[in-house]
Amino acid sequence: MIIQPRTRGFICVTSHPEGCAENVKKQIEYVKSKGLINNGPKKVLVIGASTGFGLASRISAAFGSDAATIGVFFEKPASEGRPGTAGWYNSAAFEKEAHQAGLYAKSVNGDAFSDEIKKQVIDLIKEDLGQVDLVVYSLASPRRTHPKTGVAYSSVLKPIGEPFSNKTVDFHSGVVSEITIDPITSQEDIDNTIAVMGGEDWKFWMEDLKAAGVLADGVKTVAYSYIGPELTFPIYRNGTIGMAKNDLEATVPYLNNLLKDINGVSYVSVNKALVTQSSSAIPVVPLYISLLYKVMKEKGIHEGCIEQMQRLLAERLYSESTLLDEAGRIRVDDLEMREDVQAEVAELWKQVTTENIMEISDLEGYKKEFFNLFGFEFDEIDYNADTNELVGVESIK
Ligand code: NAI
């Protein structure tokens with residue numbers, strides 16, 4: 001099959017298997033170039049392991065610490081003449097590389113919010129690894145069916161209180177326009193978003209894993225959050241998604257207490273704004289990221305998911321002492337939030353228009369990274385050539 005990019009709104013509906021493999025390979029090479037992480041994790045469960053921060057966490061643990069990994073995700077193989085999803089091809093490529101390197105790697109494809117998938121993962125850990133010493137929680141989803149009540153929740157991305165007006169960009173056309181997003185109309189919108197992206201499912205995972213005895217003494221668990229600049233506060237940190245992140249962060253003390261008797265510890269890591277399938281869906285954020293990339297690249301401090309996750313493991317989670325902020329969180333958004341970086345982005349934000357966006361922002365870089373997520377725009381790949389879309393993930397029968 002010849003696979004070219006096809007976009008619908010902010011998503012790309014096709015993915016290229018060889019391009020995704022190239023993406024994974026580049027991330028592996030980066031991690032290897034950084035050398036082995038001292039006293040890093042050895043048996044790792046990554047929930048949300050197929051794209052973005054979760055995939056980068058899995059690659060960092062496997063190739064930076066020789067870790068055995070179990071990855072959980074919700075992806076689709078190719079069917080009826082349609083290519084599979086990027087996360088499917090990423091996972092196929094990851095497993096292949098891991099197996100060639102002699103590393104244990106198995107994957108579970110299904111709804112991580114469900115009790116069935118939790119049970120399947122626990123059985124797999126029992127059978128193959130006995131216990132895990134790191135659990136990474138990196139789910140990003142617009143929906144969650146509650147495993148105890150069967151209620152299906154959908155998250156919303158909205159401000160709370162006032163309408164929010166600001167600039168935004170259609171990153172395909174480069175048109176900068178003013179957008180107004182109406183605020184939520186009921187508390188239900190907040191509650192639903194918390195139900196999907198808050199801490200309850202992380203808590204359920206850790207409770208089930210602990211009860212099954214599959215968490216090693218000294219286990220660590222980490223979930224990911226975001227803060228960002230004031231200009232995105234109304235739509236992010238002070239909006240519905242921010243309320244879910246507050247809830248996720250508030251789960252840390254509960255988990256620390258749960259894990260106390262096995263000397264376990266839980267963290268939230270605040271990560272940098274990056275192009276992923278999830279972040280491209282948030283209004284205003286892609287324009288901010290385009291300007292941020294420009295400034296950070298010029299300063300030589302730009303990082304992608306893999307640089308972030310390698311640094312999280314090597315310099316935070318597995319360093320002598322884990323540096324935390326006043327609220328007890330790990331911060332790998334430290335470079336993004338640097339005063340000089342934010343001041344320059346704020347200045348560019350005032351200036352940016354459709355006419356000057358190509359010049360003063362890194363929209364080109366944004367677009368390239370967006371297409372890279374789906375395996376496109378890699379020089380190494382011939383996109384006019386036939387490719388085998390029926391690639392399988394080795395551990396999934
Ligand atoms: P992503 O969309 O690239 O990855 C999401 C992962 O979750 C994929 O592996 C997907 O298969 C999996 N998933 C989704 N629903 C699932 C389900 N029901 N069952 C099993 N797996 C499921 O997202 P990204 O951006 O890597 O986000 C991960 C975390 O990082 C999120 O908590 C997000 O809020 C956070 N974060 C993202 C930032 C960004 O700029 N992208 C910045 C800081 C934090």
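**View 1. Ser269 in strand S12 of the predicted model.** A polar contact of 2.8 Å links the side chain of Ser269 to that of Asn271. This is a predicted model. Ser269 sits in strand S12. Its relative accessible area is 0%, so Ser269 counts as buried. Beyond its neighbours within four places in sequence, Ser269 is in contact with Val222, Ala223, Tyr224, Ser225, Leu312, Ile330 and Val332. One of these pairs spans a gap in the chain: Ser269 and Ala223 are 46 residues apart in sequence, yet their C-alpha atoms are 6.3 Å apart in space.

**View 2. Helix H10 and its packing partners.** Of the 13 residues of H10, 10 are buried, so the helix is largely enclosed by the rest of the structure. The buried set consists of Cys305, Ile306, Gln308, Met309, Gln310, Arg311, Leu312, Leu313, Arg316 and Leu317. These residues pack against two helices, H1 and H2. They also pack against strands S6 (132-137), S11, S12 (265-270) and S13 (330-331). Leu312, listed among the buried residues of H10, is also a contact of Ser269.

**View 3. Arg311 at the bend of H10.** H10 covers residues 305-317, and Arg311 lies within it. The helix bends by about 25 degrees at Arg311. With a relative accessible area of 10%, under the 20% cut-off, Arg311 is buried. Its side chain makes a polar contact of 2.7 Å with the side chain of Glu303. Leaving out neighbours within four places in sequence, the contacts of Arg311 are Glu303, Arg316, Val332, Asp334 and Leu335. Val332 is thus a contact of Arg311, and Val332 is a contact of Ser269 too.

**View 4. The shell around the ligand.** The ligand has 29 residues around it. Those that come nearest are Ser50, Ala112, Lys245, Thr276 and Ser278. By class, the shell holds 13 nonpolar, 12 polar and four charged residues. Helix H2 (52-65) supplies at least two residues of this shell, and so does strand S11 (215-225). H2 and S11 also appear among the elements against which the buried residues of H10 pack.

**View 5. Polar atoms facing oxygen atoms of the ligand.** Thr276 places a polar side-chain atom 2.7 Å from an oxygen atom of the ligand. Thr51 has a polar side-chain atom 2.8 Å from a ligand oxygen atom. Phe53 takes part through its backbone: an N or O atom there lies 2.9 Å from an oxygen atom of the ligand. On its own, the ligand has 850 Å² of accessible area, and the protein covers 92% of that.

**View 6. Two loop residues with positive phi.** Most residues other than glycine have a negative phi. Asn39 is not a glycine, yet its phi is positive, at about 50 degrees. Asn39 lies in the loop between helix H1 (17-33) and strand S3 (43-47). Its relative accessible area is 71%, so Asn39 is exposed. Asp66 likewise has a positive phi, near 50 degrees, and is a residue other than glycine. The loop that holds Asp66 runs between H2 and strand S4 (68-73). Asp66 has a relative accessible area of 45%, so this residue is partly exposed.

Methods:
Residues numbered from 1 in each chain as written. Predicted model: local features only at pLDDT ≥ 70, side-chain atom pairs only at ≥ 80, totals over all residues. Heavy atoms only, no water. Helix = DSSP H or I, 4+ residues; strand = E, 2+ residues; numbered from the N terminus. Buried < 20%, exposed > 50% of the residue type's maximum accessible area, 1.4 Å probe, protein only. Polar contact = N/O pair within 3.5 Å; in protein donor to acceptor, adjacent residues only side chain to side chain. Contact = heavy atoms within 4.5 Å. Near = heavy atom within 4 Å. Areas by Shrake-Rupley, 256 points an atom, 1.4 Å probe, with all protein chains shown as cover. Nonpolar A, V, L, I, M, F, W, Y, C, P; charged D, E, K, R; others polar. Bend = angle between axes of the 7 residues up to and from the residue.
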